[in-house]
Amino acid sequence: MSMMEDKNIDIAAVCETWLTDISCVTTAAIKERGYSLFHGFRADRRGGGTAIIFKSDVACSVEKSNRVFNHFELTMGTVKTGSNKIMFVTMYRTGPLTSGFTQELDLLLADISSRSDNLILAGDLNIHFENKSGVVSNTLDILQSYGSTIAVLSTYSYQWSVFGPDFCLLTQWTSD
């Protein structure tokens with residue numbers, strides 16, 4: 001939280017939160033510091049989890065998918081700014097990189113592309129984007145088919161901080 005306060009961050013995507021409950025000591029501490037959050041946690045095992053943490057004065061609404069995904073965890077929220085609706089998605093991919101992941105990613109993007117004007121997809125996909133063969137190439141093709149620009153913010157994981165996403169996907173939907 002100190003990093004968010006020091007850098008005056010309004011909204012953050014967080015992976016591997018390790019939160020264990022909807023309401024716990026950690027979520028209470030976040031709220032005491034003037035922030036709110038949406039998060040998904042693993043009820044059946046340790047680790048993982050995704051969250052969107054935002055300043056309490058930011059009007060962020062939780063979003064849900066109608067689908068259940070087996071190849072990644074995610075948390076979604078939207079912010080309306082003027083006439084634009086921006087969707088924030090925090091995603092964490094675990095397990096081996098398979099075609100099942102790319103299929104589910106395509107289904108997710110098809111679903112949310114109609115729900116917002118812009119998309120910021122951030123998190124930890126555990127993908128080395130510089131290796132452009134096989135499933136990585138297919139993943140890039142799917143992302144680019146939605147008019148996305150990928151900004152790789154970090155190619156390694158921070159062990160001391162949860163604020164180190166591997167990628168950030170920026171998309172402005174266009175109508176054809």
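**Entry 1. Overall layout**

I take helices (H or I, at least four residues) and strands (E, at least two) as DSSP runs, numbered from the N terminus. On that basis I find 4 helices and 9 strands in the protein. I note that the model is a predicted one. Reading from the N terminus, I recorded the order of elements as α-β-α-β-β-β-β-β-α-β-α-β-β.

I then looked up burial for the whole protein: 44% of its 176 residues count as buried. I also looked up how far apart in sequence the contacting residues are. Among contacts in the protein with a separation of 6 or more, 60% are between residues 24 or more positions apart.

**Entry 2. Strands 4, 5 and 6**

I began with strand 5 and its partners. Strand 4 (residues 60-63) pairs with strand 5 in the antiparallel sense, over 4 bridges. Strand 5 and strand 6 also run antiparallel, and I find 10 bridges joining them.

I followed one position across these strands. V62 stands opposite G77 in strand 5, and the bridge partner of G77 in strand 6 is F88. I also noted T75, whose bridge partner in strand 6 is T90.

I next inspected the connection between the two strands. Strand 5 and strand 6 form a hairpin with 2 residues between them. In the turn, G82 has a positive phi of about 60°.

How many residues of strand 5 are buried? I find 7 of its 10 residues buried, so strand 5 is largely enclosed by the rest of the structure. Strand 6 is mostly covered, with 8 of its 10 residues buried.

**Entry 3. From strand 6 to strand 7**

I turned to the other pairing of strand 6. Strand 6 and strand 7 pair in the parallel sense, and 7 bridges hold the record of this pairing. One of the residues I checked is M91, whose bridge partner in strand 7 is G123. The chain passes from strand 6 through helix 3 to strand 7, and I recorded this β-α-β crossover as right-handed.

**Entry 4. M87**

I chose M87, which lies in strand 6, for a closer look. Is M87 buried or exposed? Its relative accessibility is 0%, and M87 therefore counts as buried.

I listed its contacts, leaving out residues up to four places away in sequence: M87 touches E63, M76, G77, T78, I112, R115, S116, N118, L119 and I120. I also looked up D117, which is 30 residues from M87 along the chain; the C-alpha atoms of the two are separated by 7.8 Å.

**Entry 5. Nonpolar cores**

I looked up the largest nonpolar core, which has 21 residues. Which of them touch the most other members? I find that these are M91, L109 and I112. Strand 5 (72-81), strand 6 (84-93), helix 3 (99-112), strand 7 (118-124) and helix 4 (134-145) each supply at least two residues of this core. The largest share, 5 residues, comes from helix 3.

I also recorded a second, separate core of 10 residues, which includes M4, C24, I30 and A51.

**Entry 6. Aromatic rings**

I searched for ring pairs with centres within 6.5 Å. By this rule I count 3 aromatic pairs. F38 and F54 form a tilted pair, at 5.0 Å centre to centre and with 50° between the planes. This pair links distant parts of the chain: F38 is in strand 2 (residues 35-40) and F54 is in strand 3 (residues 50-55), 16 residues apart. I find both F38 and F54 buried.

Why does the pair F69 and F72 count as stacked? Planes under 30 degrees apart count as stacked. The ring planes of F69 and F72 are at 25°, with the centres 4.7 Å apart, so this pair is stacked. Both F69 and F72 are buried.

I extended the search to neighbouring rings and found that F69, F72 and F101 form one aromatic cluster. Last, I looked for a charge over a ring: the charged end of R93 sits over the ring of F101, 5.8 Å from its centre.

Methods
Residues numbered from 1 in each chain as written. Predicted model: local features only at pLDDT ≥ 70, side-chain atom pairs only at ≥ 80, totals over all residues. Heavy atoms only, no water. Phe/Tyr/Trp six-rings, centres within 6.5 Å; stacked < 30°, edge-to-face > 60°. Buried < 20%, exposed > 50% of the residue type's maximum accessible area, 1.4 Å probe, protein only. Lys NZ or Arg CZ within 6 Å of the ring centre and 35° of its normal. Core = buried A, V, L, I, M, F, W, Y, C linked by side-chain atoms within 4.5 Å. Contact = heavy atoms within 4.5 Å. Pairing = 2+ DSSP bridges. Right-handed = clockwise from strand over helix to strand, strands pointing away.
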